[in-house]
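Below is a set of questions and answers on one protein model, meant to be read beside its sequence and coordinates. Each answer works through its reasoning before it settles on the value or name asked for.

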Amino acid sequence: MAAPQTETASGMPQWFQKFILWREHHVKEKNFVIFLSFVVGIFGGLAAMVLKWLIHTIGGFVLSLANAGSGIHWVYILCPAIGVVIVALYVRYIVKDDISHGVTRVLYAISQKKSRLKRHNIYTSIVASSVTIGFGGSVGAEGPIVYTGASIGSNLGSLFRLSPRILMILVGCGAAAGIAGIFKAPIAGMLFTLEVLMLDLTTVSVMPLLIASITSCTIAYAYTGYDFEFFFVQSENFTIARVPYALILGVACGLVSLYFTRVMNMMENFFGRFKNRWNKTAVGCSILSLLVFLFPPLYGEGYGSINGLLRGDVESILQGSLFHGEGSSVIFIMLFIAVVIATKAFATSSTNGAGGVGGTFAPSLYVGCLTGFLFAFIVNYFGIGPGVSTKNFALIGMAGVMSGVMHAPLMAIFLTAELTGGYQLFLPLLIVSTISYGTIKIFEPYSIYTMRLAKRGQLLTHHKDKAVLRLLKIDSVIETGFLPVKPEMTLKEMVEVISQSNRNLFPVLSDDGMLLGVVLLDEIRNIMFRPDLYRKMRVSTFMSTPAAKIEVGESMEKVMKTFDQTGAWNLPVVENGKYVGFVSKSKIFNSYRRVLRHYCED
């Protein structure tokens, strides 16, 4: 007797297949999503704890080796480069997939891949980023944990055969759980999904996002205690007399955010020009090692420097540098901080460009803290009006630069407050974040995460019409049931083709399939019933040139613009000049309504 089958054709155990069928019949989808968001929150929180533990363990081991040696400066030269090389080898020969720019890849998956992420993304980013940061790479762990959390949500939803609309919510839950767990900031986790991943706040999405964030944050509290991520004690109240300074700091943070974003893009383009990956790694490691050696505050995430400045300890920024002996000079300290602000973007982009894996969350927080501190330091040194608290403005600056870089003012406000417990500074946080966001929007309409996809027309936004159009693919609306004709065919042969077709449009093709023109039934109706012209006229004499041609792979937004510009209802689709089919405005409208109803229902 044959052994009973334990797996289905899809590879799933039979009991699991039965469970899925039972769930589909007995548990409402909304209730099941709530349960899955809780599960995603648990795994997202655990992933965040694993990542933090790995970073601290590897970082502690590296620094212990340095302390055992003759000095610490060699660490700043060698270790960041060693970590990047290890990660580059790991990604090249083990992962064999690009796992950089985690948040951007999550956005791409939502808009172009029906929210589906590969399984290896659940763990590969954790391994790569922990080595990168542990060895001193000048990046943050938040981008990778977002990628990890989103992958957990995507693969869990795919396991239960959920629709792309629900997968999108679970991807958002995973991202929110990652941020909430790594920062112990549940509100910021939810707002990150809404502002950065641009998931709509609906009755269906809000509860899963909250549950995932709170669950992940609870896991973090259970493992690390109830302390805030950064130690901050407000020793000076923020009064109404300091509001003008907050307004000026907001503009300054916006301009610093613009500088940070532009340098990151410039360096990404610079590294993109390298054809040989190992040349790119060598150049990136050289830039990183040099910068970290000259300016040790660029080493790693920089959280130690942030804690020092939030305590008001200005000397902490010079700790370990070659210039530590010059710490008594106020002008030197101001110049040193300004240079660190200017070079942080180069260090971060060089880490990623060389092959490391990390995010821009921590660098933007770091730059913001230094910007706020430097602003207050300058105001106090030159005696401009009433003195301001360097600690308070360091904290406020964190929200300002993050708001500008991420284009997420609400997330920046709540993240900064949740990281430090600085809720008493809520008014200046609101002012600086809003002004910073408004300033950078004048020059840069997209965030550091979304601009790559926006340039390619692959970005989903809160604009429903544009979002739905970007979810549509040109391949899904191409119609191929049109009978082709040749330019040398006679009118009699053309009439015979017409009699076999239920269309009023006919592509004219060359022998090698190139589109030469089109024949519209309405344009030849006056001659098609004249037998005396049957052998005299040929297709080449009455065919016409189409108003425009659509290339395979064009975005639906561009296709609709072409329809609007030409006024046509049908346009031919070609691939390198060869005929593929036709796309009609009515077909697009039908698909648009279907996708809008599917993705936007509560």
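**Helices, cores, cavities and ring pairs**

Q: Which helices are among those that cover the buried residues of H8?
A: The structure is a predicted model, and helix H8, spanning residues 186-195, is largely enclosed by the rest of the structure because 9 of its 10 residues are buried. These buried residues include Pro-186, Ala-188, Met-190, Phe-192 and Glu-195. The elements that cover them include helix H4 (102-112), helix H6 (142-159), helix H7 (164-183), helix H9 (206-224), helix H14 (361-381) and helix H16 (409-420).

Q: With which residues is Met-411 in contact, leaving aside its neighbours within four places in sequence?
A: Met-411 is listed with Phe-183, Phe-192, Ile-306 and Phe-361 as the residues having the most contacts inside the largest nonpolar core. Once its neighbours within four places in sequence are left aside, Met-411 is in contact with Ala-188, Leu-191, Phe-192, Glu-195, Phe-361, Met-402 and Met-406.

Q: How many residues does the largest nonpolar core have, and which helix gives the largest share of this core?
A: In soluble globular proteins, nonpolar side chains tend to be buried together. Here the largest nonpolar core has 146 residues, and its largest share, 13 residues, comes from H14. A second, separate core of 18 residues includes Met-494, Val-497, Phe-506 and Val-539. The values asked for are therefore 146 residues for the largest nonpolar core, with its largest share coming from H14.

Q: What is the volume of the second largest cavity, and which residues lie nearest its centre?
A: The count comes to 2 cavities of 30 Å³ or more, and the second largest cavity holds about 170 Å³ of space. Its lining of 19 residues divides into 8 nonpolar, 10 polar and 1 charged, and H4 and H6 each supply at least two residues of that lining. The volume is thus about 170 Å³, and the residues nearest the centre are His-101, Gly-102, Gly-358, Gly-359 and Tyr-449.

Q: Is Thr-148 buried or exposed, and what is its relative accessible area?
A: Thr-148 is found in helix H6. Leaving aside its neighbours within four places in sequence, Thr-148 is in contact with Ala-47, Asn-121, Ile-122, Ser-125 and Ile-126. Thr-148 counts as buried, with a relative accessible area of 0%.

Q: Are the rings of Phe-375 and Phe-393 stacked or edge-to-face?
A: A search of the whole structure finds 17 aromatic pairs. In the pair formed by Phe-375 and Phe-393, the ring centres are 5.9 Å apart and the planes meet at 20°, an angle that falls under the 30 degrees used for the stacked class. The pair links distant parts of the chain, with Phe-375 in helix H14 and Phe-393 in helix H15 (residues 390-406), 18 residues apart, and both residues are buried. Given the angle of 20°, the pair is stacked.

Q: Are the rings of Tyr-381 and Phe-382 stacked or edge-to-face?
A: Tyr-381 is partly exposed, with a relative accessible area of 42%, whereas Phe-382 counts as exposed at 54%. The centres of their rings are 5.0 Å apart and the planes stand at 90°, so the pair is edge-to-face.

Q: Which residues do ring pairs link into a cluster?
A: A pair of aromatic rings is described by the distance of the centres and the angle of the planes. Beyond single pairs, such ring pairs can be followed from residue to residue, and here they link into a cluster Phe-32, Phe-35 and Phe-160.

Q: What separates the C-alpha atoms of Ile-110 and Leu-167?
A: Ile-110 lies in helix H4 and is buried, with a relative accessible area of 5%. Although Ile-110 and Leu-167 are 57 residues apart along the chain, their C-alpha atoms are separated by 8.7 Å.

Q: How far apart in space are Gly-304 and Phe-230, C-alpha to C-alpha?
A: Gly-304 lies in helix H12 (residues 303-310) and is exposed, with a relative accessible area of 56%. In sequence, Gly-304 and Phe-230 are 74 residues apart, while in space the C-alpha to C-alpha distance is 9.1 Å.

Q: What percentage of the residues of the protein count as buried?
A: The secondary structure of the protein comes to 24 helices and 5 strands. Among contacts with a separation of 6 or more, 74% are accounted for by residues 24 or more positions apart. Of the 602 residues of the protein, the share that counts as buried is 57%.

Conventions:
Residues numbered from 1 in each chain as written. Predicted model: local features only at pLDDT ≥ 70, side-chain atom pairs only at ≥ 80, totals over all residues. Heavy atoms only, no water. Buried < 20%, exposed > 50% of the residue type's maximum accessible area, 1.4 Å probe, protein only. Helix = DSSP H or I, 4+ residues; strand = E, 2+ residues; numbered from the N terminus. Contact = heavy atoms within 4.5 Å. 1 Å grid on protein atoms, 1.4 Å probe; cavity = no way out; pocket = protein on both sides within 12 Å on 5 of 7 lines; lining within 4 Å. Points joined across faces, edges and corners; volume = space filled by probe spheres on them. Nonpolar A, V, L, I, M, F, W, Y, C, P; charged D, E, K, R; others polar. Core = buried A, V, L, I, M, F, W, Y, C linked by side-chain atoms within 4.5 Å. Phe/Tyr/Trp six-rings, centres within 6.5 Å; stacked < 30°, edge-to-face > 60°.
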